[in-house]
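Welcome! Here is a friendly look at how charged side chains pair up in this structure, followed by a visit to its ligand.

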Amino acid sequence: MKIIKEAEEMRNYSARLKREGSTLAFVPTMGFLHEGHISLLREAKKHGDKIVLSIFVNPTQFGANEDLDKYPSNLENDFRLAEAVGTDVIFLPEKEKLYGENYQTYVYLEDLPGHLCGISRPVHFKGVATIVTKLFNIVMPDAAVFGTKDFQQLAVIRQMTKDLSFGIKIIGAPIVREDDGLAMSSRNTYLTEEQRKTALVLYKSLQMAEDAVKKGENNPRIIIEMCEKYINSFDETTIDYLSVCDPDTLDEVTVINKPVLFALAVIVGSTRLIDNGILMK
Ligand code: AMP
């Protein structure tokens, strides 16, 4: 497994692999890898001859009061896990090199960032779209794999890839969960033992919503109020949002008459957690 830190070296390496006839599949991450990330690497192997993983904690997608400075990291463990699953290259850029002095170019989307996480994290998707564009330009992959755990992020990247004609196949991979249902996340490491138990409110809400719709409930308000009441009954929970929305536009729906996205963000202690699932009859 090769580790590359310089953008130019990465670009040259990708170009050489392509000249030799290989296809490249790419998995961008912020590191502190867990089974969710590994599942993306496994999926990537189905879409390319060579697998490139990037690890970069992208400063432009963090708001001023967010966890950029304390984002967890364990590169040694990341390298071990990535190699074990057959990663060919890890791209590990430095932030000073990716965002040089006088950096001023960003990628904005008109509508998708105005929903869900974008409301409480107004700079987030501008940062995501910009870094993914930069990484696509450096790595030049044929395909890239993203988790549906970050459903809105995947929607933003699909839209941007189409709008800007990147010609890269975007693949969405399912959410990997702990045994009790908590969606895996590098941020779960911030939780105390008690908060880790409370964090299950996200998955439980998802299950409650799924059950309600299966039993015939078609009013999103009733589902949201039921989940709000449940989540608020726990200490240390603050709801950011609960949304029943169209999976393509992310616009809220007023009646459930087709498969809809149920997405939620809850702050447990001081850790913001997200989850989502499709509700259908
Ligand atoms: P991150 O390192 O958190 O930026 O995530 C990198 C990629 O891994 C993104 O495409 C995420 O959606 C994906 N990911 C994170 N957690 C999970 C999970 N539990 N299951 C599947 N994919 C995930």
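There are 15 salt bridges here, each one a side-chain nitrogen of Lys or Arg within 4 Å of a carboxyl oxygen of Asp or Glu. This is a predicted model, where local features need pLDDT of at least 70, side-chain atom pairs count only at pLDDT 80 or more, and totals for chains, interfaces and linings use all residues. Residues are numbered from 1 along each chain as its sequence is written, and side-chain values use heavy atoms, with hydrogens and water left out.

Three of the pairs are set out below.

| Salt bridge | N to O distance |
|---|---|
| Glu-35 and Arg-42 | 3.0 Å |
| Arg-187 and Asp-67 | 2.7 Å |
| Lys-95 and Glu-96 | 3.6 Å |

Arg-187 and Asp-67 sit 120 residues apart and link distant parts of the chain. Arg-187 counts as buried, at 17% relative accessibility, and Asp-67 is buried too, at 10%; buried means under 20% relative accessible area, exposed over 50%, and partly exposed in between (1.4 Å probe, protein chains only). Glu-96 is exposed at 53%, while Lys-95 is partly exposed at 43%. Glu-6, Glu-94 and Lys-97 are joined in a network of salt bridges.

Now to the ligand. Around it are 17 residues, each with a heavy atom within 4 Å. By class, nine are nonpolar, six polar and two charged. A polar side-chain atom of Asp-150 is 2.6 Å from a ligand oxygen atom, and one of His-37 is 2.9 Å from a ligand oxygen atom.

How values were computed. Polar contact = N/O pair within 3.5 Å; in protein donor to acceptor, adjacent residues only side chain to side chain. Nonpolar A, V, L, I, M, F, W, Y, C, P; charged D, E, K, R; others polar. Helix = DSSP H or I, 4+ residues; strand = E, 2+ residues; numbered from the N terminus.
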